[in-house]
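Here are my notes on the model you sent over, as numbered points. Have the structure open while you read, and click along.

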Amino acid sequence: MQSAPATHDELKGTARLEAFSDGVFAIAITLLVLNLQVPHVEANSAKWALASALLHQWPSYLGFVTSFFTVLIMWMNHHAIFKFVHKVNARILFANGILLLITTAIPFVTGLLSPSRISNSISHT
């Protein structure tokens with residue numbers, strides 16, 4: 001019994017999928033920085049007011065760095081896996097899509113758990 005002939009999609013290499021995925025990873029990493037806020041400091045404040053305000057936001061920076069490295073590790077593993085994948089089929093596309101779905105949610109989760117957002121919501125209640 002012969003197997004069914006390979007479809008056009010199954011014969012394609014992985015370059016197009018990898019390029020698309022790299023773009024999604026890059027955008028997800030870039031969106032993380034939008035959760036960082038520039039602190040408001042009056043022009044005539046003390047000499048170290050800006051440094052103090054930035055230091056006060058350290059939990060946001062920790063969240064940014066943690067999420068950045070999470071996406072980076074996911075991208076590195078994606079890259080490593082595709083060293084072994086030579087052809088794309090529907091299962092690989094679907095699995096890759098699920099991974100990208102999770103990846104694109106990371107900036108949202110980072111923003112949701114941002115200490116500044118939490119403290120703002122507590123002060124408004």
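1. Let's start with the rings. Phe-64, Phe-68 and Phe-69 are joined into a cluster by ring pairs. Keep in mind that this is a predicted model, so everything below describes a prediction. The count of aromatic pairs comes to 2. One of them is Phe-64 with Phe-68, a tilted pair with 6.0 Å from centre to centre and 45° between the planes. Both of these residues sit in helix H4, 4 residues apart, or about one turn of the helix. Phe-68 also pairs with Phe-69: the ring centres are 5.8 Å apart and the planes stand at 80°, so this pair is edge-to-face.

2. Are these rings buried or exposed? Neither, as it turns out. Phe-64 has 21% relative accessibility and counts as partly exposed. Phe-68 is partly exposed too, with a relative accessible area of 28%, and Phe-69 gets the label partly exposed at 44%. The cut-off for buried is under 20%, so Phe-64 at 21% does not count as buried.

3. Now zoom out. The protein chain has 6 helices and 0 strands, so don't go looking for a sheet: from the N terminus, the elements read α-α-α-α-α-α. The chain has 125 residues, and 23% of them count as buried. Take the contacts with a separation of 6 or more: 81% of them come from residues 24 or more positions apart.

4. Helix H4 itself covers residues 58–81. Does its length add up, or what span should 24 residues give? At 1.5 Å a residue the expected span is 34 Å, and the end C-alpha atoms are 35 Å apart, which agrees. The buried residues in H4 include Ser-60, Ser-67, Val-71, Met-74 and His-78.

5. Next, H2 against H4. Their axes come within 9 Å and cross at roughly 175°, which makes H2 roughly antiparallel to H4. From H2, the residues Ser-21, Asp-22, Phe-25, Ile-29 and Leu-32 take part. They meet Phe-64, Ser-67, Phe-68, Val-71, Leu-72, Met-74, Trp-75 and His-78 of H4. Two of the ring-cluster residues, Phe-64 and Phe-68, are thus on that list. By class, this contact has 9 nonpolar, 3 polar and 1 charged residues.

6. H2 also packs on H5, at an angle of about 10° and with the axes 8 Å apart. That makes H2 roughly parallel to H5. On the H2 side the contact uses Leu-17, Phe-20, Ser-21, Val-24, Phe-25, Ala-28, Leu-31 and Leu-32. H5 brings Ile-92, Leu-93, Asn-96, Leu-99, Leu-100, Thr-103, Thr-104, Ile-106, Pro-107 and Thr-110. The residues here split into 13 nonpolar, 5 polar and no charged. Ser-21, Phe-25 and Leu-32 are worth a click, as they appear in the contact with H4 and also in the contact with H5.

7. Which residues join H3 to H4? First the geometry: H3 (residues 49–56) packs on H4 at about 55°, with the axes 5 Å apart, which makes H3 oblique to H4. Leu-54, Leu-55 and His-56 of H3 make the contact with Trp-58, Pro-59 and Tyr-61 of H4. That gives 5 nonpolar residues, 1 polar and no charged.

8. Two loop residues deserve a look. Leu-36 lies in the loop between H2 (15–32) and H3, and at 23% relative accessibility it counts as partly exposed. Beyond its neighbours within four places in sequence, Leu-36 touches Ser-60, Tyr-61 and Phe-64. Leu-36 and Phe-64 are 28 residues apart in sequence, with their C-alpha atoms 7.7 Å apart in space. That brings us back to a member of the ring cluster.

9. The other one is Val-88, in the loop between H4 and H5 (90–112). With 7% relative accessibility, Val-88 counts as buried. Its C-alpha atom is 9.5 Å from that of Ala-15, although 73 residues separate the two along the chain.

Note on methods. Residues are numbered from 1 along each chain as its sequence is written. This is a predicted model: local features need pLDDT of at least 70, side-chain atom pairs count only at pLDDT 80 or more; totals for chains, interfaces and linings use all residues. Side-chain values use heavy atoms; hydrogens and water are left out. The expected span of a helix is 1.5 Å times one less than its number of residues. Buried means under 20% relative accessible area, exposed over 50%, partly exposed in between (1.4 Å probe, protein chains only). Axes are lines fitted to C-alpha atoms, for helices over the stretch in contact, and angles run from 0 to 180 degrees between N-to-C directions. Angles under 35 degrees count as roughly parallel, over 145 as roughly antiparallel, 65 to 115 as roughly perpendicular and the rest as oblique. Contact means heavy atoms within 4.5 Å. Ala, Val, Leu, Ile, Met, Phe, Trp, Tyr, Cys and Pro count as nonpolar, Asp, Glu, Lys and Arg as charged, and the others, Gly among them, as polar. Rings of Phe, Tyr and Trp (its six-membered ring) pair if their centres lie within 6.5 Å; planes under 30 degrees apart count as stacked, over 60 as edge-to-face and the rest as tilted.
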